Structures are given as structure tokens and as C-alpha cells.
Amino acid sequence: MKKFKPADALQDLQYFGEFGGVNPSISDSSTYTFLSAKTMFDTFEGNAEGCYLYSRHSSPSNLYLGQALAAMEGSEAAHVTASGMAAISGVIMQLCQAGDHIVAARTIYGGTYAFLKNFLPKWGIQTTFVDITKPDKVVQAIQGNTKMLYCESMSNPLLEIADLEKLSSLAHAHQAHLVVDNTFTPLLLSPIKLGADIVIHSLTKFINGSSDTVAGVICGSQQLIDDLRNVNNGACMLLGATLDSIRAASIMKNLRTLHVRMEHHSKNAQFLAKKFEAMGLRVVYPGLESHPQHQTFQRQSTEKYGFGGMLTLDVGDLEKANALMEMMQHEKLGYLAVSLGFYKTLFSAPGTSTSSEISEAEQLELGITSGLIRFSIGLDCNIERTFEKMKACMQAVGVI
Ligand SMILES: *Cc1c(COP(=O)(O)O)cnc(C)c1O
């Protein structure tokens, strides 16, 4: 079988704008006219190819972006949403009902964790959280009513790598769907090609890359995407978190440079991780041989865009972490901000920010220590200089 190349798939997707433009025209309408009442009826029934009804259902700009993301993930189809959380909640609400059970990775995005743990039980959906890197723990957690195995290809914030081939065979042996959040590793990992049924992304992060937009996507079978948009019972249609066309068009343009950005994020992160490790610091980066799933990542990665832009550093305690982050911001090395995938380095202490939905006791059990800093490494043009400046900050605040 020919190896799947997500960046080539994206590159080959060419649209002509309505007026011959190199970018498709932006659809600037919430509603659409029909030349006959019959076509309107057929469109409501989902039987009119190429017709648009109302922009919460679909719009040309959103469909273009969805097609591009489906090409990138190698899925039949995709549906874009107003946020990553809208994609996650939409898929789960579509596929699960009262009485169902989910097995989820215990280290996942804080919002997803809160949704599974605090919100879904109200609707009779229970979740068991497991260490996804231990297949026997996953098997133990699966029950007769388990509908879904949920994980992140690279987990937040600990950067554990899921063995997706293994997890998909476990899920499928129990008639469950494997749903993978691929937000940290677009282009680097192609979960559907490794057996996942559904891939979701927060487009807010690397894919858009300019920290100006919140958006998400669900990639999966045509049937799933049609179901999500169904006017009678589709979760995306009825929960209503629709992406605006203008934002969809702008994300589409940023998507065109994703391969260049991912390669550079990876190169810079790899450089810093090696330097930090050589200094004896407690650094976690999947590109380091010391990372427990380094081999798993290498075996699964589709193209050689490296190991991504995320790394973590444990500087001992929260006080030091905060002092270091404030100093790095002062020295213009980046921003003390949550989120990721920006051109500038972003850093935050997960324990008191993005993972604060997880209780302190649970955080410690997971390995989210108080001195942990999560970095999204930027596109710095001179990473040696960045390293020297970071080292000086570490010296100044007593980390080294
Ligand atoms: C940010 C993020 C989300 C949520 O996405 P939003 O666009 O903020 O709703 C989900 N998963 C991961 C891994 C994220 O980093």
C-alpha cells in the first residue's frame, strides 16, 4: 500500500474561486434561495446534492474547509464546528445515549475531561478514565455497554503517545468507536490510517496557527458527517455551534502553510529539548529517546515533520515555574498564555490553568506536578539565541 501523505493530499486539493480567483469565494449568506419549492423539500430531506439550505446546516466556505481537512486526515468527509469543544461534544452526543459507557485516556484536554466527568453523567453516560499507554488497563475498563474509546494522539499536557493501531483493534474487538483528538499532531500523525474511526481537532491551535480564531472539526465517514448534520437528529445541526464562513475561509488559507510551520515548530522544539536534557533538566519531548513512547511515535508517524512543537519542563515548584514564565515573557521569549500553535512561544503551568479542571490529588497521581511548564514552541528564526536567553532566565530565577 502506498504510504499516506497528508501534506500531499492537501497540496493537491485545488479550488477555483467563483470568479477564477486562486482562493474560493467566501459565502456571505446565512440562507439560500431555491428555484423550486420541490428542491427546498429535497434539501431538507438531505437529498439535494450541491444545494444549500441554511448556514447552520452547511455553507460553501465551511464545506471547502471540511473537504481540505478530510483530505488531510484521509477520512471520507469532515464537518467544521465553532470550536474544538463543539466537535468533541457533538461527536459524543451523536454516538452515545443514556446507559452508554466511554473509556477515555486519563490525561486529556481539561475541557474534554470536565465534559466527560461532570457533564455527561447528567445524561446517563458514564466514563472510566485509564492510562491509555497500558493496553491491559484499557481492556479491563471496557464493559458490555462501552460505545467509545476516546484519546488524544499526543496527550495534554503530559505528551504521552497513544498506540493507535493497538487501541483501534481493542475498540473494534468490542464494537466500540475509536475517537482521537489529533490537535497536537496535525500532519505528524494520521489516526484514521492507523485504524481510528473518528478524528477531531481544535483548529484553534496549530492548524489555524495565528491565535485569532476558535474552531473545530470532526473527520469521519460520510455517514457520520451526514448524521451530524441531519435536521431531525444531528448533534451539530441541533446543538448549533456553527463556524462562521469568514473564519472558515481564513483558516483554510492558514492551512496552506501548515506543513512549513509544523516542520519548523518541530525543529525548534527538538533543539531546545536536546539542550534542556543535556543540562540535566526534567524535560519531556516525544523526539527524545528518553521519551517512553518515542518508538511508538516513530512507528506511527506518516511524514517526517518531526515530533511536534510541544514540550514540558518540570522546574520543581510552582513558584519557580511562575517566576521563570514571567521572566521569559519579560525577555520577549514568548507569552504567558494558554493555547498552542502560535508563531511565538506560549507557556503556562497546566496545574493552575489548562488542567485546573482536574483536582489537585488527581493531578499528582497523573504526574501533573506543580512545577510543570507546558511550552508550545514558536517559529523563532534563531533558536540558538532563544536557548541562550532561556538559560539566562533559568539562572536568574534559580532553576539552574
Ligand atoms: C484546545 C483544545 C481543545 C478544545 O478546543 P477549543 O477550540 O478551545 O474548543 C480540545 N483538545 C485539545 C487537545 C486542545 O488543545
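**Entry 1: two domains**

I began with the distance between the two halves of the layout: the centres of domain 1 and domain 2, taken over C-alpha atoms, are 27 Å apart. I noted that 41 residues of domain 1 and 43 residues of domain 2 take part in the contact. A reminder to myself: this is a predicted model. For the bounds, I wrote down 6–255 for domain 1 and 258–397 for domain 2.

**Entry 2: the area between them**

Next I wanted a size for this interface. The accessible area lost when parts come together is often used for that. Here I found about 3,400 Å² buried between domain 1 and domain 2. Carbon and sulfur atoms give 62% of that area.

**Entry 3: polar links across the interface**

How many salt bridges does the rule find across the interface of domain 1 and domain 2? I got three. I also looked up the pair D163 and R299, which form a salt bridge with their closest N and O atoms 3.2 Å apart. For polar contacts, I counted twelve residue pairs between domain 1 and domain 2.

I then asked which helices supply the side of domain 1 that touches domain 2. My list reads α1 (6–11), α5 (110–119), α7 (164–173) and α10 (245–255), each with at least two residues there. The largest share comes from α5, with five residues. Sorting the residues on this side of domain 1 by type, I got 21 nonpolar, 13 polar and seven charged.

**Entry 4: around the ligand**

I turned to the ligand and found 14 residues surrounding it. The closest are M85, D181, S202, T204 and K205. I checked three of these names one by one.

- M85 uses its backbone: an N or O atom there lies 2.8 Å from an oxygen atom of the ligand.
- D181 uses its side chain, where an N or O atom is 2.6 Å from a nitrogen atom of the ligand.
- K205 also offers its side chain, with a polar atom 2.7 Å from an oxygen atom of the ligand.

**Entry 5: a salt bridge in one helix**

Last, I looked up the salt bridge count, which comes to eight by the rule. I picked out the one between D42 and K38, whose side chains meet at 2.8 Å, N to O. Where do D42 and K38 lie? Both are in helix α2, residues 37–44. They are four residues apart, about one turn of the helix.

Terms used: Residues are numbered from 1 along each chain as its sequence is written. This is a predicted model: local features need pLDDT of at least 70, side-chain atom pairs count only at pLDDT 80 or more; totals for chains, interfaces and linings use all residues. Side-chain values use heavy atoms; hydrogens and water are left out. Domain bounds come from an automatic or database domain assignment. Contact means heavy atoms within 4.5 Å. Buried area is the accessible area (1.4 Å probe) that two parts lose on being put together, summed over both. A salt bridge is a side-chain nitrogen of Lys or Arg within 4 Å of a carboxyl oxygen of Asp or Glu. A polar contact is a pair of N or O atoms within 3.5 Å; within protein, one must be able to donate a hydrogen and the other to accept it, and residues adjacent in sequence count only if both atoms are side-chain atoms. Ala, Val, Leu, Ile, Met, Phe, Trp, Tyr, Cys and Pro count as nonpolar, Asp, Glu, Lys and Arg as charged, and the others, Gly among them, as polar. A residue is near a molecule or strand if one of its heavy atoms lies within 4 Å of it.
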